[in-house]
Amino acid sequence: MSAQAQEQANTLPITPASLGDLWRLRQLEKLTFSREDAWPLVELLFVLVSPHIVRLKVDYDNQMIAFVAGDTRLNQGAGWIITLGVAPEWRLIGLGERLLAAAEQAMHMPAIRLTVRASNQAAIALYQKAGYQQVGVSPRYYVGGEDGLIFEKRFLESLVEHSSKQNEKKQIWG
Ligand SMILES: CC(C)(COP(=O)(O)OP(=O)(O)OC[C@H]1O[C@@H](n2cnc3c(N)ncnc32)[C@H](O)[C@@H]1OP(=O)(O)O)[C@@H](O)C(=O)NCCC(=O)NCCS
């Protein structure tokens, strides 16, 4: 990646992904995840078409360089970030953080959860920086027997605050 491209990275737009991105997402998945963690094509297809899923991407030069998906169906009182990946040469310049924040905003849930490999220090550091806290463990969740750590971020308070402000406005303005 050129220095210029790196400088541009934080101004690259975050846009919705769609079925037409299937092969670009497949390429990103191969670059981003190990063989055991990469999703099969059918799951990538599902993520790109399911009506319950928020899916956002960053493209550069007709390649997908980052992707996030979040399931907006409530499960244990929360929506779930189901995947987040940034291509290796584009890491550590803020794309993961920006995408996660954009997904949170688009999902608009009272709380968001995710599962992460216990050894995945980079992702854990990102989630902690973004305000997620560990709320549980799924023993032997991953292929190979590694535990999954469950992290959660709660938005309920801010949503409640937002809707009560809206109600106040309605009462004032009728
Ligand atoms: C985890 C991942 C998405 C992070 O994406 P990224 O774009 O590199 O992250 P950012 O540049 O936005 O980093 C934001 C913060 O996360 C933390 N962080 C990210 N990568 C880190 C690393 N390798 N080591 C330590 N902290 C890290 C830092 O706190 C960083 O903030 P800082 O730069 O102010 O210190 C990326 O490493 C990745 O795609 N990994 C492989 C796929 C994966 O594991 N996905 C998560 C599955 S649960």
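Q: Which residues of helix α2 (residues 22-32) are called buried, and what makes them so?
A: They are L25, L28, E29 and T32. A residue is buried if 20 or more other C-beta atoms lie within 10 Å of its own, exposed if 12 or fewer, and partly exposed in between, with C-beta atoms placed from the backbone. L25, L28, E29 and T32 therefore each meet the cut-off of 20 or more. This is a predicted model, in which local features need pLDDT of at least 70 and side-chain atom pairs count only at pLDDT 80 or more, while totals for chains, interfaces and linings use all residues. Residues are numbered from 1 along each chain as its sequence is written.

Q: Why are the buried residues said to lie on the same side of α2?
A: Because they cover an arc of only 105 degrees around the axis, the arc being that of the directions from the helix axis to the C-beta atoms. An α-helix has 3.6 residues a turn, so residues three or four places apart point the same way.

Q: Which residues of α2 are exposed on the other side?
A: W23 and K30. By the definition, each has 12 or fewer other C-beta atoms within 10 Å of its own.

Q: What covers the buried residues of α2?
A: The cover includes α3 (41-49), β3 (63-75) and β4. Contact here means that the C-beta atoms of two residues, placed from the backbone, lie within 7 Å.

Q: What makes β5 (residues 111-117) and β7 (residues 148-154) a pair?
A: Two strands pair if DSSP finds at least two bridges between them. β5 and β7 have 7 bridges, in the antiparallel sense, so they qualify. One of the bridges joins V116 to L149 in β7.

Q: Why does β6 (residues 133-138) also count as paired with β7?
A: Because 5 bridges join β6 to β7, against a required minimum of two. The strands run antiparallel, and G136 has I150 in β7 as its bridge partner.

Q: Which residues come closest to the ligand, and what makes a residue part of its shell?
A: The closest are R91, G96, E97, A122 and L126, among 20 residues that surround the ligand. A residue is near the molecule if its C-beta atom, placed from the backbone, lies within 6 Å of it. Elements giving two or more residues to the shell are β4 (78-86), α4 (95-107) and α5 (121-129). The largest share, 6 residues, comes from α5.

Note on methods. Helix = DSSP H or I, 4+ residues; strand = E, 2+ residues; numbered from the N terminus.
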